[in-house]
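Work through the exercises below with the sequence and the model open side by side. Each task is followed by a solution in steps.

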Amino acid sequence: MYVPGWPGLKPGYFFGVPSTNGLPFPLNAQNKTYFYVARSGIYHLVRALGFQNGDTVLMPDYHSGVEVWAVRAAGARVRYYHINRNMEPDLDELRQLSRSNPRALFLIHYLGWPQPMKELMALCRERDMILIEDCALALLSEVDGQPLGSFGDYAIFCLYKTLPVPNGGLLVQNKTVLPALSSMNLKRCDWVSVVGRSAELMVEWMRGRSEPVGNALAWAKRAGGRALTALGVNRLPVGDISPDFRSPGYDVTKLNIGMSPLCMAMMTRFDYEAIRHKRRRNYSLMQEMLASRVPLGRKELPPGVCPLFFPLLVPDKRAAARALRERGVAAVELWNYGFPEAKGEEGRDARFLRDHVLELPIHQDVTPSQVEYVADQVLSLGLNF
Ligand SMILES: Cc1ncc(COP(=O)(O)O)c(C=O)c1O
């Protein structure tokens, strides 16, 4: 069995009729800018806010690296706060750090779970800090009926992590609207990158249904990719968080590229309620199957959360990911590295998470029998702690 890591792109999304249900937040937000990837939104936000060297942003020590890179590339200084094993900040530490007058607090809603917004918003009001919500992993999640990303002054989303679109980062301005962001002249992304990534997502869709056909298409796709590389045709990557900060994903000159119009058209055709429902169903089923082995203290799935993946704690991440991939499960090693400058500031819990969290797919294309298959592999391989 093959269990894909990403929700696949089914051909119907290219031609289907737009849904009559309307778009959910943040796609219906009043002030928004679509970029090719989310890092562009972070970079342009910090630039538009006019951060100079010395203006500080508080950022979590547990991060992908690319959000910190974008904030630093835009000219701000970063101070790190610690994230505990439950993927939450220590509010006392944040209070302490906020006394040094940072201009902004940058928070990440990990896996789709909300951070304590009441407390964090009160702290930002009290210390006059700008609140930036990083919802890269939290599209369609809510707390108390309010969408994540609608609390802070600004919010950033990675659309392509939850939805089967070939690219798309979104910056939302909830409060003070910055004119520089509303009138951006973004470049159109090249069609080869869009076609290439769409083809990958279609192959994923096919492999989840018929392995032989999907494998043949995957082989053809790889051969096509190699031919384009040999011809010197560059493609703009999506979600490049490799530790090599010289890779194409970290090219500042590529940060002014917009989301492709194809993504916008596709986004009118998705059933967002069904996406959230299936992710929640799969998460709960996986949790049930793994019973007492559920990691991170996140035993409950609170109402409104749209989980991005199932976090499995394993002693040896690399070996576990390899073993699962050999059995057809596209498991992903989450954030092995952060931004290099942050390493010295990293707390024990962030290190622990980097060493031990493996992502298991529970997205909307995963069927209940695939969830059972994944859980069976985890248990039979004895991968969990
Ligand atoms: C928490 C977080 N923020 C921001 C980003 C940047 O997203 P993008 O790769 O779309 O630029 C990522 C990417 O993985 C991320 O994990």
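The exercises that follow concern a predicted model.

**Exercise 1. The surroundings of strand E2**

Task: Determine which strands pair with E2, and in which sense.

Solution.
- Step 1. Start with E3, residues 77-81: 5 bridges join this strand to E2, and the two run parallel. Within this pair, Met59 has Tyr80 of E3 as its bridge partner.
- Step 2. Turn to E4, residues 104-108, which pairs with E2 over 2 bridges, again in the parallel sense. Here Val57 is matched with Ala104 of E4.
- Step 3. Examine the connection between E2 and E3. Together with helix H3 (residues 66-73), the two strands form a β-α-β unit that is right-handed.
- Step 4. Check burial. Of the 5 residues in E2 (residues 56-60), 4 are buried, which leaves the strand mostly covered.

**Exercise 2. The residue ahead of E2**

Task: Is Asp55 buried, partly exposed or exposed?

Solution.
- Step 1. Place the residue: Asp55 belongs to the loop between H2 and E2.
- Step 2. Count its neighbours. Asp55 has 16 C-beta neighbours inside 10 Å. A buried residue needs 20 or more, and an exposed one has 12 or fewer. Asp55 is therefore partly exposed.
- Step 3. List the contacts beyond four places in sequence: Ala76, Arg77 and Arg103.
- Step 4. Compare sequence and space for Asp55 and Pro102. They are 47 residues apart along the chain, yet 6.6 Å separates their C-alpha atoms.

**Exercise 3. The largest nonpolar core**

Task: Find which residues touch the most other members of the largest nonpolar core, and which element gives the largest share.

Solution.
- Step 1. The core holds 114 residues, and Val71 and Phe157 touch the most other members.
- Step 2. Helix H8 (residues 191-209) supplies the largest share, with 6 residues.
- Step 3. Follow Phe157 outward. Beyond four places in sequence, its contacts are Pro26, Ala38, Cys135, Ala136, Leu139, Gly149, Gly169 and Leu170.
- Step 4. Set this against the general pattern: nonpolar side chains tend to be buried together in soluble globular proteins.

**Exercise 4. The shell around the ligand**

Task: Describe the residues around the ligand by distance, element and class.

Solution.
- Step 1. There are 14 residues around the ligand, and those that come nearest are Val37, Ala38, Arg39, Ser64 and Ala136.
- Step 2. Helices H2 (38-48) and H3 are the elements that give two or more residues to this shell.
- Step 3. Sorted by class, the shell has 8 nonpolar residues, 3 polar ones and 3 charged ones.
- Step 4. Link this to Exercise 3: Ala38 and Ala136 are among the contacts of Phe157.

**Exercise 5. Backbone exceptions**

Task: Locate a cis peptide bond and two residues other than glycine with positive phi.

Solution.
- Step 1. Recall the background: most peptide bonds are trans, and most residues other than glycine have a negative phi.
- Step 2. The bond between Phe25 and Pro26 is cis, with omega at about 5°. Pro26 sits in the loop between helix H1 (12-15) and strand E1 (32-35).
- Step 3. Leu111 has a phi near 60°. This residue lies in the loop between E4 and helix H5 (117-127), and it is buried because 22 other C-beta atoms lie within 10 Å.
- Step 4. Leu140 has a phi of about 75°. Its loop runs between strand E5 (130-135) and strand E6 (142-143). Leu140 has 26 C-beta neighbours inside 10 Å and so counts as buried.

**Exercise 6. The sheet with E10, E11 and E12**

Task: Which strands stand at the edges of the open sheet, and why does one side of each lack a neighbour?

Solution.
- Step 1. Read the order of the 3 strands: E10-E12-E11, paired antiparallel.
- Step 2. Strands E10 (310-313) and E11 (332-333) are the edges. Each has a single partner strand, so one side of each has no neighbour in the sheet.
- Step 3. Check one pairing: E11 and E12 (residues 357-360) share 2 bridges in the antiparallel sense, with Val332 opposite Glu359 of E12.

Key: Residues numbered from 1 in each chain as written. Predicted model: local features only at pLDDT ≥ 70, side-chain atom pairs only at ≥ 80, totals over all residues. Core = buried A, V, L, I, M, F, W, Y, C linked by C-beta atoms within 7 Å. Contact = placed C-beta atoms within 7 Å. Pairing = 2+ DSSP bridges. Right-handed = clockwise from strand over helix to strand, strands pointing away. Near = placed C-beta within 6 Å. Nonpolar A, V, L, I, M, F, W, Y, C, P; charged D, E, K, R; others polar.
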